[in-house]
Amino acid sequence: MEDSTGPRIYSCFNCRNPVSRHDDIISKAFQASNGRAFLFSHAMNIVEGPKQDRHLITGLHTIADVSCSDCGQVLGWKYERAYEDSQKYKEGKIVLEKFKIVKENW
């Protein structure tokens, strides 16, 4: 149940621009090059970079870096395409690195 301060959200660590809601977390068990990351079903106030194929821990994916729409800080990436059938659930989802987001309204 939400309290009067509104939903729990994650914001850009650099400028505090809200980028995702806690309710949109699919998994907290993701790994980025700099530590833990969260998989989100949706994100807001982000800009997608160019698509590129990248070999990740779980295989080859087409991804696009996602940046804060206010300050331009790269916060993570969006899965555009997964080449392995077992990874298709990631398509269209966003990964935000834990150390690049801060909790608000907790």
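This is a short walk through the fold of one chain, its two sheets and its largest pocket, and the model I am showing is a predicted one.

Let me start with the chain as a whole. Along the sequence the pattern reads β-β-β-β-β-β-β-β-β, and the count is accordingly nine strands and zero helices. The radius of gyration is 14 Å, close to the 13 Å that the globule rule gives for 106 residues, so the chain is as compact as a globular protein of that length. If you prefer to think in box dimensions, the C-alpha atoms fill roughly 45 × 30 × 20 Å, taken along the principal axes.

As for annotation, UniProt, in an unreviewed entry, places the feature "domain: Yippee" at residues 8-105. Over residues 8-105 the chain is 61% strand and 0% helix, and the C-alpha atoms at the two ends are 5 Å apart.

Now to the sheet made of three strands, which is open, antiparallel in its pairing, and ordered β2-β1-β9. Here β2 and β9, the latter covering 101-104, stand at the edges with a single partner strand each, so one side of each is left without a neighbour in the sheet. Direction ignored, neighbouring strands in this sheet are turned by 35° against each other on average.

Within this sheet, strand β1, residues 9-12, pairs with strand β2, residues 18-21, in the antiparallel sense and over three bridges. The two form a hairpin with five residues between them, and in that turn R16 has a positive phi of about 65°. On its other pairing, β1 runs antiparallel to β9 and is joined to β9 by four bridges. A residue worth picking out on your screens is Y10, which stands opposite S20 in β2 and also opposite K103 in β9.

The other sheet has six strands, and in which order do they lie? The order is β3-β4-β8-β7-β6-β5, again as an open sheet with antiparallel pairing. Its edge strands are β3, at 25-32, and β5, at 46-56, and each of these pairs on one side only. The average turn between neighbouring strands of this sheet is 30°, once more with direction ignored.

Two pairings in this sheet deserve a closer look. Strand β4, residues 35-40, pairs with strand β8, residues 94-97, in the antiparallel sense over four bridges, and there F38 stands opposite L96 in β8. Further across, β5 and strand β6, residues 59-68, pair in the antiparallel sense over nine bridges, with V47 opposite S67 in β6. Two residues lie between β5 and β6, which together form a hairpin.

That brings me to the empty space. The largest pocket has a volume of about 290 Å³. It is lined by 16 residues, and the closest to its centre are Q31, A32, L56, W77 and Y79. Which elements give two or more residues to this lining? They are β3, β5 and β7, the last of these spanning 74-82; for orientation, β3 and β5 are also the edge strands of the sheet of six. In chemical terms, the lining of the largest pocket divides into eight nonpolar, four polar and four charged residues.

To close, the picture I would keep in mind for this predicted model is a chain of nine strands and zero helices, arranged as one open sheet of three strands and one open sheet of six, with a largest pocket to whose lining β3, β5 and β7 each give two or more residues.

Notes. Residues are numbered from 1 along each chain as its sequence is written. This is a predicted model: local features need pLDDT of at least 70, side-chain atom pairs count only at pLDDT 80 or more; totals for chains, interfaces and linings use all residues. Side-chain values use heavy atoms; hydrogens and water are left out. UniProt positions are given in the numbering used here, feature names are shortened, and annotations may be inferred rather than shown by experiment. Two strands pair if DSSP finds at least two bridges between them. Axes are lines fitted to C-alpha atoms, for helices over the stretch in contact, and angles run from 0 to 180 degrees between N-to-C directions. On a 1 Å grid over the protein atoms alone, a cavity is a set of points where a 1.4 Å probe fits but cannot get out, and a pocket is an open set with protein on both sides within 12 Å along at least five of seven lines; lining residues have an atom within 4 Å of a point. Grid points are joined across faces, edges and corners, and a volume is the space filled by probe spheres set on the points. Ala, Val, Leu, Ile, Met, Phe, Trp, Tyr, Cys and Pro count as nonpolar, Asp, Glu, Lys and Arg as charged, and the others, Gly among them, as polar. The radius of gyration is taken over C-alpha atoms; the globule rule is 2.2 Å times the number of residues to the power 0.38.
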